[in-house]
Amino acid sequence: MEQNRIEVANWFGDLKTYPSVVVEAHSLEDLENIVNNPEKYPSPLKAVGQNHSTAQCCEADGGTIIKIKMNKILEIGDDFITVEPGVLYKDIGEKLDSLNKQHYINTEIGCLSAGSAACAATKDSSFPGEYGQVGSYISKIKLLTASGKKIEVDDQSDPEFMQALRSSYGNFGFIYEITFKTKPKQPLKVWHKSWHINDFINNLEEIKQTNAALMYYLYPFENKIAVEHRQYVDIASSKDFKYNSSLWKIRNHLWKKTAPNLGRWCEENISMDGLKYSIIDNFNALVRFGMRNFLSANNTQPGDQTIRYPDISDKSRYTFSLWAFPESRYHEVLPAYFKFCQKYYKLNNYRTNLLNVGYRIAKDQRSLFSYSFDENVMTVDPVSTSNPGWRQFLVDYNVFCSDLGGFPMFNQTWGVTKEQAEKAFGPRFEKFKKIRKNIDPTNRFLNHYFANILEEKI
Ligand SMILES: Cc1cc2nc3c(=O)[nH]c(=O)nc-3n(C[C@H](O)[C@H](O)[C@H](O)COP(=O)(O)OP(=O)(O)OC[C@H]3O[C@@H](n4cnc5c(N)ncnc54)[C@H](O)[C@@H]3O)c2cc1C
């Protein structure tokens, strides 16, 4: 089904593109037909999974947006699952769960499409000895290139290409089959602690040794941080073992519904900043109290962390951005970020109306634009309902983060300039450009967003 020159927005609704053609792809044959018909399907060709990205990687002005509707699970083995690109990460997780297996990484976002997981950045706090980027557990990818060639890639056959493909964002062609590594299901122990930022920084080395995956909530206006710890536990030891199914439901409801609804309600109904932010800060304090005292369990299910957001975003929608920093410098970065937010509010009368979050993610060289290529990183992610001032805040936040030596993600960090991208990824940029040019010499898949970042002409 095709329509003429329409507006396509991302899930949140704040990033728009104006393609000449929008088409659905239900099969590999559909994708081949699109690649081979440039007159009917003008360049750039942009595959879109769920369009949840918070940066403009799905832009296709004047070109063709391909909505990927290939939703079949193709094969399940002892330690792998092979799927088509439109299958949602949550659906794969539920299938695995029914077989007593699980994903290695259970991102909070369930609406991540398999195609996007294979070629775009993701993040979740890393368990000891594991990665935090979903693509790193993808062992095989099938790709349809601009010349109509079908290729199958894995780490053995071509590790260099596989590494570039994992961060190709659709620039190398259409991904039409993905194989994820899987593992047996294991219960998760979860607990929370909150700290004053100074105590957190003073204890950071010890906190990192906790042997748990660390995600955290940041409150720059209260100088507080609340840390979520996750740790796998041994199921074999307990005979009457039963999974706890309420902890993640409560946590996810607070995060995906209550907090954004409150932020939006305050925005729409309270004009006095003092009152508005006092309500938000008091709510956050209450949540921290609840997390510390009630949100802990030894027996949660890993897949329950993953949220199925509504297909069409509603009033509780939120958006965010993020930069990652080498963890060896986080003790400087975090206090500087808190000061940046406080000063920004004083000078510009703007602060985000939701909390900030962050993740500790392991060093990972399995994708070329990995934000943790050289060492473990910790992130700083402002979250908001896109209250007035958000965009300008992100421009200034990008400058702040880039100056501090941060690393962005091209699908999740809005507004990254080519200078900032080049500073972050340095020589890896040239390598990517060479591989991209080789596989797509006519720029069939190159959109303006990436052309600008890569300094290519289209
Ligand atoms: C509310 C919310 C919560 C989020 N939580 C998390 C989180 O917990 N962890 C996390 O990592 N991210 C999170 N994100 C970000 C989101 O997961 C990523 O931006 C992800 O890329 C979105 O997946 P998608 O299927 O919507 O990708 P899209 O936005 O549709 O596409 C992303 C990129 O992949 C390319 N692509 C997609 N499919 C194909 C294909 N078949 N072939 C070639 N290229 C393809 C696209 O062209 C584009 O460049 C969240 C976003 C929102 C809005």
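**Cysteines**

I started with Cys341, which is buried at a relative accessible area of 6%. Buried here means under 20% relative accessible area, exposed means over 50%, and partly exposed is in between, using a 1.4 Å probe and protein chains only. Before going on, I noted that this is a predicted model, where local features need pLDDT of at least 70, side-chain atom pairs count only at pLDDT 80 or more, and totals for chains, interfaces and linings use all residues. Residues are numbered from 1 along each chain as its sequence is written, and side-chain values use heavy atoms, with hydrogens and water left out.

Next I asked how many disulfides a search of the whole structure finds. I got 0; a disulfide is a pair of cysteine sulfur atoms within 2.5 Å. Why no bond for Cys341? Its closest cysteine sulfur is in Cys401, 9.2 Å away, so that is too far. Cys57 has its closest cysteine sulfur in Cys58, but 4.2 Å is also too far for a bond. I logged Cys57 as buried too, because its relative accessibility is 6%.

**Ligand**

I then looked up what surrounds the ligand. I have 33 residues around it, and Ala47, Gly49, Ser53, Ser113 and Lys123 come nearest. To be near, a residue needs a heavy atom within 4 Å of the molecule or strand in question.

For polar contacts I used pairs of N or O atoms within 3.5 Å; within protein, one must be able to donate a hydrogen and the other to accept it, and residues adjacent in sequence count only if both atoms are side-chain atoms. Ser113 puts a side-chain N or O atom 2.7 Å from an oxygen atom of the ligand. Ser116 has a polar side-chain atom 2.8 Å from a ligand oxygen. With Tyr169 the backbone is involved: one of its N or O atoms lies 3.1 Å from an oxygen atom of the ligand.

**Cavities**

I searched the whole structure for cavities and got 9 of 30 Å³ or more. The search runs on a 1 Å grid over the protein atoms alone: a cavity is a set of points where a 1.4 Å probe fits but cannot get out, a pocket is an open set with protein on both sides within 12 Å along at least five of seven lines, and lining residues have an atom within 4 Å of a point. Points are joined across faces, edges and corners, and a volume is the space filled by probe spheres set on them.

The largest cavity comes to about 820 Å³. It has 45 lining residues, with His52, Ser53, Leu112, Ser116 and Asn411 nearest its centre. Ser116 I had already met, in its contact with the ligand. By class, I wrote down 24 nonpolar, 16 polar and 5 charged residues for this lining. The classes are: Ala, Val, Leu, Ile, Met, Phe, Trp, Tyr, Cys and Pro nonpolar; Asp, Glu, Lys and Arg charged; the others, Gly among them, polar.

The second largest cavity holds about 180 Å³. Its lining has 16 residues, and Leu254, Ala259, Phe283, Val287 and Leu355 are the closest to its centre. Which helix gives the largest share of this lining? I found helix 7, with 6 residues. Helices (H or I, at least four residues) and strands (E, at least two) are DSSP runs numbered from the N terminus. Strand 14 (213-219), helix 7 (247-269) and helix 8 (273-294) each supply at least two lining residues. The classes here are 12 nonpolar, 3 polar and 1 charged.

**Pockets**

The largest pocket contains about 520 Å³ of space. I have 21 residues lining it, and Gly49, Gln50, Asn51, Lys67 and Lys69 lie nearest its centre. Strand 2 (8-9) and strand 6 (64-68) are the elements that give two or more residues to that lining. I split the lining into 9 nonpolar, 7 polar and 5 charged residues.

For the second largest pocket I got about 230 Å³. Among its lining residues are Thr145, Glu160, Phe161, Lys434 and Asn438. Helix 12 provides the largest share, 4 residues.

**Odds and ends**

I checked Gln231, which lies in strand 15 (residues 224-232). A polar atom of its side chain lies 3.0 Å from the backbone oxygen of Asn211. The backbone oxygen of Thr210 is 3.5 Å from a polar side-chain atom of Gln231.

Last, is Lys140 buried or partly exposed? I noted it as partly exposed, at 27% relative accessibility. Lys140 sits in strand 10 (residues 138-144).
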